[in-house]
Every structure is written in C-alpha cells, then in structure tokens.
Amino acid sequence: MAAEPLKVAVIGVGHLGTIHARIYAEYPGAELVGVVDYDLERATELAQELGCEAARDVSELSCEIDCASVVVPTSAHAAVAVPLLKRG
C-alpha cells in the first residue's frame with residue numbers, strides 16, 4: 001500500500017518560493033496544500049494556478065501540514081520557522 005502524500009505548504013512565494021511550490025505540486029509524494037506570503041495577491045495568483053489555498057500566515061490554512069518550505073528572506077527565517085518547529 002502506498003504511503004499518503006505529505007501535506008506541504010510553501011511560505012514565501014517570491015521567485016524561489018514559486019519554484020518550490022511548482023515542484024511540490026508535481027511531486028507524487030507531496031500534496032501542495034497552501035502557499036503563504038505577506039502579499040496575498042501574489043499567493044492567491046499562484047494558488048489558483050496550482051490548485052491549493054493561499055494565505056498571509058500559515059495559521060490561516062484550513063488543514064494541518066506535515067512540512068513546509070520556508071523561502072523567506074534569511075533575516076526572517078527564525079520568525080517563520082520557530083513557530084512551525086514548536087507546532088511539530
């Protein structure tokens with residue numbers, strides 16, 4: 001029996017985050033469930049293209065995630081990653 005795909009979110013959908021999201025959307029072992037960006041319009045545009053949710057904050061996604069790509073500027077990594085790590 002095949003394992004369930006990992007539910008993935010991409011946080012930060014600038015140039016590199018968009019690439020991460022497109023790869024997850026095509027990868028059979030993952031289900032891209034959301035893209036997150038402070039620019040909700042940008043996130044919404046990509047979410048519509050890839051068939052997932054868009055949000056300004058990961059806590060706004062309607063489902064739990066198994067993992068996330070944190071693709072924000074380096075100076076913001078801790079602010080984004082620490083709450084995710086605390087959630088498990």
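**Close-up views of the predicted model**

**View 1. Pairing of strands β2 and β3.** In β3, A55 is the bridge partner of V36. This pair is seen here in a predicted model, in which strand β2, covering residues 30-36, is joined to β3 by three bridges, the two strands running parallel.

**View 2. The open sheet and its edges.** The sheet is open and consists of four strands, arranged in the order β3-β2-β1-β4 with parallel pairing. Its edge strands, each of which pairs on one side only, are β3 (53-55) and β4 (67-70). On average, and with direction ignored, neighbouring strands of this sheet are turned by 25° against each other.

**View 3. Helix α3 on the sheet.** Helix α3, made up of residues 77-87, packs on the sheet, where it touches both β1 (6-11) and β4. The direction of α3 makes about 175° with that of β4, and β4 is itself one of the edge strands of the sheet.

**View 4. Helix α1 and its two faces.** The twelve residues of helix α1 (residues 15-26) should span 16 Å at 1.5 Å a residue, and the end C-alpha atoms of α1 lie 17 Å apart, which agrees with that expectation. Within α1, the residues G17, T18 and A21 are buried. These residues cover an arc of only 100° around the axis, and therefore they lie on the same side of α1. The face turned away from this buried side carries H15, L16, I23 and E26, which are exposed.

**View 5. Surroundings of the buried side of α1.** The buried residues of α1, namely G17, T18 and A21, pack against strands β1 and β2 and against helix α2 (40-50). Of these partners, β1 and β2 stand next to each other in the strand order β3-β2-β1-β4, and β1 is also touched by helix α3.

**View 6. The whole chain, for orientation.** The secondary structure of the chain comprises three helices and four strands, which follow one another from the N terminus in the order β-α-β-α-β-β-α. For 88 residues, a compact globule would have a radius of gyration near 12 Å, and the value of 12 Å for the chain agrees with this. Taken along the principal axes, the C-alpha atoms fill a box of roughly 40 × 30 × 20 Å. Of the 88 residues, 32% count as buried, and among contacts between residues at least 6 apart in sequence, 52% join residues at least 24 apart.

Key: Residues are numbered from 1 along each chain as its sequence is written. This is a predicted model: local features need pLDDT of at least 70, side-chain atom pairs count only at pLDDT 80 or more; totals for chains, interfaces and linings use all residues. Side-chain values use heavy atoms; hydrogens and water are left out. Two strands pair if DSSP finds at least two bridges between them. Axes are lines fitted to C-alpha atoms, for helices over the stretch in contact, and angles run from 0 to 180 degrees between N-to-C directions. Contact means heavy atoms within 4.5 Å. The expected span of a helix is 1.5 Å times one less than its number of residues. Buried means under 20% relative accessible area, exposed over 50%, partly exposed in between (1.4 Å probe, protein chains only). The arc is that of the directions from the helix axis to the C-beta atoms. The radius of gyration is taken over C-alpha atoms; the globule rule is 2.2 Å times the number of residues to the power 0.38.
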